[in-house]
Amino acid sequence: MYRTLYSPQGAHINLDGRDIINMASNNYLGLANDPDLVAAAKEAIDKYGVGPSASRNIVGNFAIHDELEEALAKFKGVEAVLVFNSGVAANTGVIPVLVGKGDTIYSDELNHGSIIDGCRLSRANVKVYPHMDLAKLEEMLKEPTEGKKLLVADAVFSMDGDLAPLPEMAALAEKYGAMFMVDDAHGDGVMGPYGKGTVEHFGLRDKVTVETGSLSKAFGAAGGFVAGY
C-alpha cells in the first residue's frame with residue numbers, strides 16, 4: 001500500500017531499496033534529520049521516555065509541551081498556542097469551536113481536506129467559493145445570514161503552490177463581520193521575516209482571528225498547532 005523509506009528524510013533518500021532524489025516531501029528547511037534536532041530528541045527521550053501514556057488533560061502534559069507552546073506563541077507573535085498531534089487534528093479541532101449549527105463558513109474550493117472535514121464537523125452552513133475568486137466571495141458574504149461568519153483558507157495551497165490574497169480576504173472579512181482563519185501549514189518556516197509565516201509576510205497579525213500550522217513540514221518534526229488571541 002505504501003512506498004517504504006529506508007533512510008532519514010532528506011534531499012537524497014532510499015525508497016523501496018532505491019537511492020533517489022527526493023522531490024516529494026515537505027522537509028522545506030532540511031530539519032528532519034538535522035543533527036541538533038536529532039540530539040535534542042534523544043535528550044528528551046532520555047528524560048521523559050517515548051510517550052505520555054495519557055492525554056494531556058489527565059497526566060500526559062509534560063513540561064516540554066508547555067515550553068513548546070510558549071515558544072511558538074512568541075515566534076508567531078500571539079497570546080497563546082495550543083499544540084495538537086497533527087495539523088489535521090488542529091483544523092478539525094478548532095473549526096467546530098469557532099462556529100456551529102446556525103453559523104456560516106466561507107471556504108475556498110481548494111482548501112485542504114482537514115479544513116473541509118472541520119467544516120463538516122462544525123455543522124455550520126458551508127459556502128464554497130471558486131478558488132481565490134474574491135468577487136464571488138464578496139457576493140456570498142453580502143448574502144443575509146444568521147449567526148456567526150467564518151472565512152477560512154489555506155495561505156499557501158500545497159497542490160498548486162499559489163499564495164492566497166490574504167490582505168484582500170482580511171479586508172472582506174472585516175467589512176462583512178466575519179472571523180478570519182488561516183491555515184499556514186506550508187508557509188511556516190519559509191514565508192515572512194524569520195520564517196514566521198504568510199500572515200507575518202503580509203503584516204496581518206491583528207487581522208487574523210485564528211491561525212493553524214504544522215510542525216510536520218518546515219519544522220521537520222510532527223504535530224500541528226492553533227495560534228491566536
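Let's start inside the model: in strand S8, Val210, Thr212 and Ser214 point one way while Glu211 and Gly213 point the other way, and all of them are buried. Keep in mind that this is a predicted model. With five of its five residues buried, S8 is largely enclosed by the rest of the structure. From there, we can work outwards to the sheet, the helices on it and one buried methionine.

**S8 and its partners**

- On one side, S8 pairs with strand S7 (residues 179-183) in the parallel sense, over three bridges.
- Within that pairing, Met181 has Val210 of S8 as its bridge partner.
- S8 also pairs with S9, this time antiparallel, and five bridges join the two.
- Here Thr212 is the residue to look for, as it stands opposite Val226 in S9.

**The sheet as a whole**

- Zoom out and you'll see an open sheet of seven strands with mixed pairing, laid out in the order S3-S9-S8-S7-S6-S4-S5.
- Strand S3 (80-84) and strand S5 (125-129) are the edge strands, each pairing on one side only.
- Ignoring direction, neighbouring strands in this sheet are turned by 20° against each other on average.
- At the S3 edge, five bridges tie S3 to strand S9 (residues 224-228), and the two run antiparallel.
- One handy landmark there is Phe84, whose bridge partner in S9 is Gly224.

**Helices packed on the sheet**

- Helix H2 (residues 63-76) packs on the sheet and touches S3, strand S8 (210-214) and S9.
- The direction of H2 makes about 125° with that of S3.
- Helix H5 (residues 134-142) packs on the sheet too, touching strand S4 (104-108), S5 and strand S6 (149-154).
- For H5, the angle is given against S5, and the two directions make about 155°.

**A look at Met169**

- Met169 sits in helix H6, which covers residues 166-175.
- Is Met169 buried or exposed? Its relative accessible area is 2%, so Met169 counts as buried, the cut-off being under 20%.
- Leaving aside residues up to four places away in sequence, Met169 touches Tyr129, Leu134, Leu151, Ala153, Ala164 and Phe180.
- Several strands and a helix are represented in that list: Tyr129 falls within the range of S5 (125-129), while Leu134 falls in H5 (residues 134-142) and Leu151 in S6 (149-154).
- As for Val83, that residue is 86 residues from Met169 in sequence and 26 Å away in space, C-alpha to C-alpha.

Definitions and conventions: Residues are numbered from 1 along each chain as its sequence is written. This is a predicted model: local features need pLDDT of at least 70, side-chain atom pairs count only at pLDDT 80 or more; totals for chains, interfaces and linings use all residues. Side-chain values use heavy atoms; hydrogens and water are left out. Two strands pair if DSSP finds at least two bridges between them. Helices (H or I, at least four residues) and strands (E, at least two) are DSSP runs, numbered from the N terminus. Axes are lines fitted to C-alpha atoms, for helices over the stretch in contact, and angles run from 0 to 180 degrees between N-to-C directions. Contact means heavy atoms within 4.5 Å. Buried means under 20% relative accessible area, exposed over 50%, partly exposed in between (1.4 Å probe, protein chains only).
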